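New to this one? Have a look at the sequence and the model first, then use the notes below to find your way around.

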Amino acid sequence: LHSHSTNSDGRLTPEEMKEAYKHHGYDFLVVSDHDRYSDTRHMTDDTFTMVQGIELYANAPTEKDIHVQLLWDSSFNEFEHLQYIHLPERTAKATDKFLYEMKDKGVYIMLNHPHWSILNSSEIGEENPYDAVELINYETEWLENKDITWNDCKLEVLENFDGDMIFTAELENEKGDILALDGTMEDLKDYIVGVQITDYIEVEK
């Protein structure tokens with residue numbers, strides 16, 4: 001749900017990215033370039049879905065720099081292919097106004113990698129435009145020396161080797177049971193994607 005192509009700061013074209021993801025067993029992909037829309041609707045076929053989106057530079061209520069993911073389906077026609085998309089001004093007020101306008105049009109809004117901004121949930125507030133939060137971002141190296149707790153999901157980095165970070169996670173389910181899970185982000189993705197913003201604590205190791 002979050003990737004970049006050569007249309008911004010990625011290493012592969014959207015077409016090369018699709019083939020790479022197919023090779024690894026995926027059947028969907030979002031090419032969400034930085035502040036630039038890569039229209040990949042024509043790449044959807046019977047076996048693979050290209051979800052549309054961008055990653056927007058924006059501001060938290062405290063004016064910290066944040067990255068926000070906007071996701072939409074193929075019926076949304078607000079932007080042109082390779083169009084640059086910027087806020088009219090880089091302020092919290094302009095951020096909220098734009099995000100709520102997009103949300104009213106059916107766009108799914110996700111706060112990306114809040115640890116990159118060293119952002120706590122108290123700095124977002126209970127009333128916000130976000131549908132979800134990206135809890136882990138593979139390329140954000142700042143994470144490697146941190147423990148993370150988000151709501152009832154605690155993730156601790158165990159190892160980092162050959163580019164793969166191994167995590168242990170404790171997740172409280174609806175019954176109150178604690179699930180102890182170890183593995184890579186791929187192993188844990190079903191448990192950590194789309195967590196609602198409630199509480200976020202970062203602890204130095």
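Here is a quick briefing, moving from the whole chain to one helix and then to one histidine.

This is a predicted model. The protein chain has 205 residues, and 45% of them count as buried. Its secondary structure adds up to 3 helices and 10 strands.

**The whole chain**
- If you walk along the sequence, the elements come in the order α-β-β-β-α-β-β-β-β-β-β-α-β.
- Take the contacts in the protein chain with a separation of 6 or more: 53% of them are between residues 24 or more positions apart.
- The accessible surface of the protein chain is about 11,200 Å², and carbon and sulfur atoms account for 47% of that.

**Helix 1 and its surroundings**
- Helix 1 runs over residues 14-23, and Pro14, Met17 and Lys18 are buried there.
- These buried residues sit on the same side of helix 1, because they cover an arc of only 100 degrees around the axis.
- Strand 1 (28-30) is included in what covers the buried residues of helix 1.
- After helix 1 comes glycine 25, which has a positive phi, near 95 degrees.

**Histidine 2**
- You'll find histidine 2 in the segment before helix 1.
- Is histidine 2 buried or exposed? Its relative accessible area is 18%, and buried means under 20%, so histidine 2 counts as buried.
- The side chain of histidine 2 makes a polar contact of 3.2 Å with the side chain of histidine 4.
- Another polar contact, at 2.7 Å, links the side chains of histidine 2 and glutamate 134.

Definitions and conventions. Residues are numbered from 1 along each chain as its sequence is written. This is a predicted model: local features need pLDDT of at least 70, side-chain atom pairs count only at pLDDT 80 or more; totals for chains, interfaces and linings use all residues. Side-chain values use heavy atoms; hydrogens and water are left out. Helices (H or I, at least four residues) and strands (E, at least two) are DSSP runs, numbered from the N terminus. Buried means under 20% relative accessible area, exposed over 50%, partly exposed in between (1.4 Å probe, protein chains only). Contact means heavy atoms within 4.5 Å. Accessible areas come from the Shrake-Rupley method with a 1.4 Å probe; for residues, only the protein chains shown count as cover. The arc is that of the directions from the helix axis to the C-beta atoms. A polar contact is a pair of N or O atoms within 3.5 Å; within protein, one must be able to donate a hydrogen and the other to accept it, and residues adjacent in sequence count only if both atoms are side-chain atoms.
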